[in-house]
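This report introduces a protein model to a reader who has not met it before. Please look through the sequence and the structure shown here before reading on.

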Amino acid sequence: GDPLLVKVNKITSTKTQLPYSYYSLPYCQPDHIVDSAENLGEVLRGDRIENSPYTVFIMRESRMCNVVCRKVLDKKAAKAFKEKIDDEYRVNMILDNLPLVVPIRRPDVENAVVYQHGFHVGLKGKYSGSKEEKHFINNHLAFTVKFHKDPLTETARIVGFEVKPFSVKHEYEGEWNTKTRLMTCDPHAKRAVTSSESPQEVEEKEIIFTYDVEFQESDIKWASRWDTYLLMADDQIHWFSIVNSLMIVLFLSAMVAMIMLRTLYRDISKYNQLETQEEAQEETGWKLVHGDVFRPPTNFDLLCVYVGTGVQFFGMILVTMIFALLGFLSPSNRGGLMTAMLLLWVFMGLFAGYSSARLYKMFKGANWKSITLKTAIKFPATVFAIFFVLNALIWGQKSSGAVPFGTMFALVLLWFGISVPLVFVGSYIGFKKPVKEDPVKTNKIPRQVPDQPWYLHPAFSILIGGILPFGAVFIELFFILTSIWLHQFYYIFGFLFIVFIILVVTCAEITVVLCYFQLCSEDYQWWWRSYLTSGSSALYLFLYAAFYFFTKLEITKLVSGMLYFGYMLIVSYAFFVLTGTIGFYACFWFTRLIYSSVKID
């Protein structure tokens with residue numbers, strides 16, 4: 001007998017990617033529209049949760065044919081509905097924190113049901129015998145609320161919220177008033193709405209909005225009520241992707257191990273014997289460049305900035321994944337993932353400042369305040385600029401996906417109020433610590449780099465280096481893109497964590513292998529190369545995003561296309577910084593290791 005609150009959320013479309021608030025369409029409205037408080041993540045996603053005019057929801061009391069209201073559409077209202085039907089918009093609602101779903105039977109499997117999030121505003125169709133396409137609106141909703149009864153106390157909890165939408169041209173006798181009984185849907189005459197009724201066209205006439213509420217007992221326990229939403233039909237693909245990635249990792253690990261054992265062991269023992277004989281003049285390979293290998297690269301301040309940002313990213317992703325694995329960020333916590341990532345990014349500024357300052361001090365840089373400021377501002381400013389332009393585009397479309405000014409201000413406050421000071425604190429600590437000594441001394445005069453064979457040309461080896469890290473993640477990437485752009489839930493953080501570890505290992509190994517080949521051919525300019533080698537996987541990520549856009553998405557609007565590529569550009573940039581930093585640190589460790597094991601006069 002308790003009243004239930006049904007809330008309406010944004011209307012969404014995978015064709016335009018622009019969410020709108022529910023009441024932007026001329027639907028029936030309650031007396032007062034009350035906005036539910038949203039967290040930061042929800043606002044950024046464009047969720048606008050408001051109360052609904054569907055008020056006759058009384059727990060465990062089924063009611064048929066409730067009239068919401070009668071609307072007479074004018075030209076503008078009819079046009080608004082038609083546009084949204086053309087773009088295949090769906091209405092999202094929430095009851096007891098559960099999103100509304102439409103169960104759709106799968107024709108290929110017996111008794112299998114797929115859940116579609118939200119119901120379509122309407123559909124396009126033709127009357128039999130006519131050529132003209134008409135727009136029909138879903139004006140009758142048959143809600144089913146599933147509940148699970150507690151065997152001890154006779155109380156019940158809601159475990160499912162489903163709807164079957166119908167388009168019905170309602171009929172009634174006489175003038176319309178609040179007591180009018182519909183002939184097309186009458187609970188007294190036990191006449192329910194079926195799909196054989198004549199449908200309701202969208203035109204400049206009246207539309208009567210109605211709904212049924214039915215309560216069904218269910219075996220699903222409250223704790224596992226989300227399982228139907230997160231049903232993964234393709235576990236095999238994930239295992240396949242992980243096995244595929246592990247193959248790449250094993251291949252690379254074998255190569256690294258071979259280099260480490262065979263080459264290094266042989267090289268080092270040979271070099272250390274050479275000192276006893278007088279053949280030291282005929283040295284070849286990586287030992288020749290020992291006097292130059294730790295020479296600071298050109299633009300080393302920029303390298304420090306990027307490494308710091310990468311560390312910040314790495315920390316954010318690692319902690320987010322651990323939280324997600326422990327189940328803190330399940331989809332039932334709307335916007336939780338987004339909020340967590342933003343806050344973690346801000347607090348990881350500490351590590352960004354620390355690592356960029358340590359590196360800068362090692363390069364004997366003197367101006368640590370400027371490097372700190374750049375670390376704190378460079379990456380976020382770029383992202384913020386792209387984000388601002390995209391937001392202006394969304395705002396121009398009057399979409400609810402546009403971030404309001406207040407939230408923008410809050411983001412800037414987080415960035416300058418917390419992140420920037422933390423970067424400075426980290427940088428101060430990093431600069432106070434004593435610097436690591438290089439294992440070998442650097443010569444005063446840089447030596448000539450001999451001509452390199454074509455396969456060691458920087459551009460070629462950098463592009464080759466990005467293929468394997470991308471190959472390790474691209475199947476999982478497909479699921480992530482699908483969940484973002486086709487509005488499905490992403491919940492397999494366990495798989496994602498394994499893939500992330502594989503990514504880290506792959507980036508590190510491919511960089512070490514290519515760095516070794518480079519040093520063997522007496523090219524000692526490895527600092528930037530190591531960063532770009534694994535970072536180039538971001539280029540492949542962006543190309544894959546473009547491929548996904550043209551093959552899987554049905555986006556036709558220019559603005560929506562710009563949104564997609566704008567956001568994927570931000571994602572690729574972040575991926576570049578992350579993978580580049582992993583590669584750089586791997587190579588940094590590797591060069592220190594091999595040069596500290598050789599005796600040099």
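Which residue forms a salt bridge with Lys557, and how far apart are the closest N and O atoms? The partner is Asp87, and in this predicted model the closest N and O atoms of Lys557 and Asp87 are 3.7 Å apart.

**The two domains**

To place this pair, it helps to begin with the domains. The domain assignment of the protein gives domain 1, which covers 3-230, and domain 2, which is made up of 235-271, 297-441 and 456-597. Taken over C-alpha atoms, the centres of domain 1 and domain 2 are separated by 43 Å. Where the two meet, 32 residues of domain 1 are in contact with 32 residues of domain 2, and together the domains bury about 2,700 Å² between them, with 61% of that area on carbon and sulfur atoms.

Polar and charged pairs also occur between the domains. Between domain 1 and domain 2 there are 14 residue pairs in polar contact, counting pairs in which both residues have a pLDDT of 80 or more. On the side of domain 1 that touches domain 2, strand 1 (6-12) and helix 1 (40-45) each supply at least two residues, and helix 1 gives the largest share, with six residues. By type, the residues on this side of domain 1 divide into twelve nonpolar, twelve polar and eight charged. The number of salt bridges between domain 1 and domain 2 is two.

**Salt bridges**

Side chains of opposite charge can pair when their charged atoms come close. A search of the whole structure finds 19 salt bridges, and the table sets out some of them.

| Pair | Closest N to O distance |
|---|---|
| Lys557 and Asp87 | 3.7 Å |
| Asp47 and Arg45 | 3.3 Å |
| Asp301 and Lys374 | 3.7 Å |

In the pair of Asp47 and Arg45, Asp47 counts as buried because its relative accessibility is 0%, whereas Arg45, at 37% relative accessibility, counts as partly exposed. The pair of Lys557 and Asp87 links distant parts of the chain, with Lys557 in the loop between helix 12 (537-552) and helix 13 (558-596), Asp87 in the loop between helix 2 (75-86) and strand 4 (90-95), and their positions 470 residues apart in the sequence. Lys557 counts as partly exposed at 32% relative accessibility, while Asp87 is buried, with a relative accessible area of 17%.

The salt bridge between Asp301 and Lys374 likewise links distant parts of the chain, since Asp301 lies in helix 4 (residues 300-325) and Lys374 in helix 7 (residues 368-396), 73 residues apart. Asp301 counts as partly exposed at 28% relative accessibility, and Lys374 is also partly exposed, with a relative accessible area of 39%. Salt bridges can also join into networks, and one such network links Lys10, Arg45 and Asp47.

**The surroundings of Gln200**

A last site to consider is Gln200, which has its place in the loop between strand 12 (156-166) and strand 13 (206-217). Is Gln200 buried or exposed? Gln200 is buried, because its relative accessible area is 4%. Leaving aside residues up to four places away in sequence, Gln200 touches His135, Phe136, Ile137, Asn139, Ser167, Val168, Lys169, His170, Glu206 and Ile207.

Terms used: Residues are numbered from 1 along each chain as its sequence is written. This is a predicted model: local features need pLDDT of at least 70, side-chain atom pairs count only at pLDDT 80 or more; totals for chains, interfaces and linings use all residues. Side-chain values use heavy atoms; hydrogens and water are left out. Helices (H or I, at least four residues) and strands (E, at least two) are DSSP runs, numbered from the N terminus. Buried means under 20% relative accessible area, exposed over 50%, partly exposed in between (1.4 Å probe, protein chains only). Contact means heavy atoms within 4.5 Å. Domain bounds come from an automatic or database domain assignment. Buried area is the accessible area (1.4 Å probe) that two parts lose on being put together, summed over both. A salt bridge is a side-chain nitrogen of Lys or Arg within 4 Å of a carboxyl oxygen of Asp or Glu. A polar contact is a pair of N or O atoms within 3.5 Å; within protein, one must be able to donate a hydrogen and the other to accept it, and residues adjacent in sequence count only if both atoms are side-chain atoms. Ala, Val, Leu, Ile, Met, Phe, Trp, Tyr, Cys and Pro count as nonpolar, Asp, Glu, Lys and Arg as charged, and the others, Gly among them, as polar.
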